[in-house]
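The following note is offered to a colleague who is meeting this structure for the first time. Its points are numbered so that each may be checked against the model.

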Amino acid sequence: TLGAPATPTGPAAAVPRAADGDVLLETVGLTKSYAGADGELPVLAGIDLKIRAGEIVALLGKSGSGKSTLLRCMAGLIPASSGTVSYRGEPLTGANPGTAMVFQTFALLPWLTVQQNVELGLEARGVPAEERARAAVQAIDLIGLDGFESAYPKELSGGMRQRVGFARALVVEPDVLMMDEPFSALDVLTAENLRGELMELWESGQFPTRAVVLVTHNIEEAVLMADRIVVLGSRPYGTIRETVEVGLDRPRDRDAPAFQELID
Ligand code: ADP
Ligand code: MG
């Protein structure tokens, strides 16, 4: 899934960096169950969550705690079982027009070049070819892949492939960028580099998005990147047990091990 229809893009504009409090995305009483062999498997129960402009929110939890499910519900890629997900106050009826997704394993189309992969999201939104090309080149440049427009995914390292994944999501300038374990398929040093660069872009206001939701099972990563950490417990069924407000100023100075107990 390459994102939802949304308003076409212009050149990446500087984003106001203050957390201005605008609620972009909101879940109210969000519940999600999957049909299983023994009946319904409840995964999320009654989740109330707001994502505001200017913040990076980490959804932290163990494997199976429902992080991807929550992210997909917020992106409107799967329907809630009950409760609502709203984007800018409007309940979603399908794909969320204000979001774009970065996937753990990149999800690039191998038969397309870097540029063609990046243009996909714009194509789906009906952006004319010339404007698509211009926006794609700009996003590719922003994410550090200048010169690789004509390369194919198989010619790129994992880190570079994920850069393409980022460019493809950022090119549509989504209000909320969603990332589902975007660094966990990369080696430690590559992940560290990419995280650092993304944070620099974010903090410099060059990131063409107003909020970020980061799914991760990596506590250090959540602490490093997030303004707020939402912990999904794996018991009983992925209910948010605790929302750790890490603060909007220097969340990144917190002691990572202190959060370990929250996800055990
Ligand atoms: P996480 O991303 O935290 O690892 P998921 O949201 O992927 O967790 O999964 C939460 C639970 O829901 C797991 O028990 C998983 O097996 C189950 N699950 C996820 N997707 C489906 C699906 N499409 N059908 C049935 N069960 C699913
Ligand atoms: Mg997952």
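**Notes on the model**

1. Ala 58 offers a useful place to begin: beyond residues up to four places away in sequence, Ala 58 touches Leu 214, Thr 216, Ala 222, Met 225, Ala 226, Ile 229 and Val 230. Ala 58 is also named, with Leu 59, Ala 167 and Val 213, among the residues with the most contacts inside the largest nonpolar core, which has 64 residues. Helix H4 (residues 158–170) gives the most to this core, with six residues.

2. It should be stated early that the model is predicted. The chain has seven helices and ten strands. Of its 264 residues, 43% are buried. Among contacts between residues at least 6 apart in sequence, 74% join residues at least 24 apart.

3. Strand E3 (residues 56–60) pairs with E9 in the parallel sense, over four bridges. Within this pairing, Val 57 stands opposite Arg 228 of E9. Strand E9 (residues 228–232) is mostly covered, as five of its five residues are buried.

4. How are the two faces of E9 covered? In a regular strand, side chains alternate between the two faces of the sheet. Arg 228, Val 230 and Leu 232 lie on one side, Ile 229 and Val 231 lie on the other, and all are buried.

5. A separate point concerns an open sheet of four strands, ordered E2-E1-E4-E5 and paired in the antiparallel sense. E2 and strand E5 (90–91) each have a single partner strand and therefore stand at the edges, with one side of each left without a neighbour in the sheet. Between strand E1 (residues 23–36) and E2 there are ten bridges, in the antiparallel sense. Tyr 34 has Leu 41, in E2, as its bridge partner. Helix H1 packs on this sheet and touches E1, E2 and strand E4 (82–87); the direction of H1 makes about 125 degrees with that of E1.

6. Which residues surround ligand 1? They are Tyr 34, Leu 41, Val 43, Gly 61, Ser 63, Gly 64, Ser 65, Gly 66, Lys 67, Ser 68 and Thr 69. Strand E2 (39–52) and helix H1 (67–74) are the elements that give two or more residues to this shell, and H1 provides the largest share, three residues. By class, the shell has three nonpolar, seven polar and one charged residues. The bridge partners Tyr 34 and Leu 41 thus appear again in the surroundings of the ligand.

7. Gln 115 belongs to helix H2 (residues 114–124). Is this residue buried or exposed? Gln 115 is buried, because 20 other C-beta atoms lie within 10 Å. Leaving aside neighbours within four places in sequence, Gln 115 is in contact with Ala 136, Ile 140, Glu 149 and Ser 150. Glu 149 is 34 residues apart from Gln 115 along the chain, yet their C-alpha atoms are separated by 4.8 Å.

8. Two loop residues deserve inspection of their backbone angles. Ala 107, in the loop between strand E6 (99–102) and H2, has a positive phi of about 55 degrees although it is not a glycine. Glu 173, in the loop between H4 and strand E7 (176–180), has a positive phi near 50 degrees and is likewise a residue other than glycine. Ala 107 counts as partly exposed because it has 16 C-beta neighbours inside 10 Å, whereas Glu 173, with 23 C-beta neighbours inside 10 Å, counts as buried.

Notes:
Residues are numbered from 1 along each chain as its sequence is written. Chains are lettered from A and ligands numbered from 1 in the order in which they are written. This is a predicted model: local features need pLDDT of at least 70, side-chain atom pairs count only at pLDDT 80 or more; totals for chains, interfaces and linings use all residues. A residue is buried if 20 or more other C-beta atoms lie within 10 Å of its own, exposed if 12 or fewer, and partly exposed in between; C-beta atoms are placed from the backbone. Two strands pair if DSSP finds at least two bridges between them. A nonpolar core is a set of buried Ala, Val, Leu, Ile, Met, Phe, Trp, Tyr and Cys residues joined through C-beta atoms within 7 Å. Two residues are in contact if their C-beta atoms, placed from the backbone, lie within 7 Å. A residue is near a molecule or strand if its C-beta atom, placed from the backbone, lies within 6 Å of it. Ala, Val, Leu, Ile, Met, Phe, Trp, Tyr, Cys and Pro count as nonpolar, Asp, Glu, Lys and Arg as charged, and the others, Gly among them, as polar. Axes are lines fitted to C-alpha atoms, for helices over the stretch in contact, and angles run from 0 to 180 degrees between N-to-C directions.
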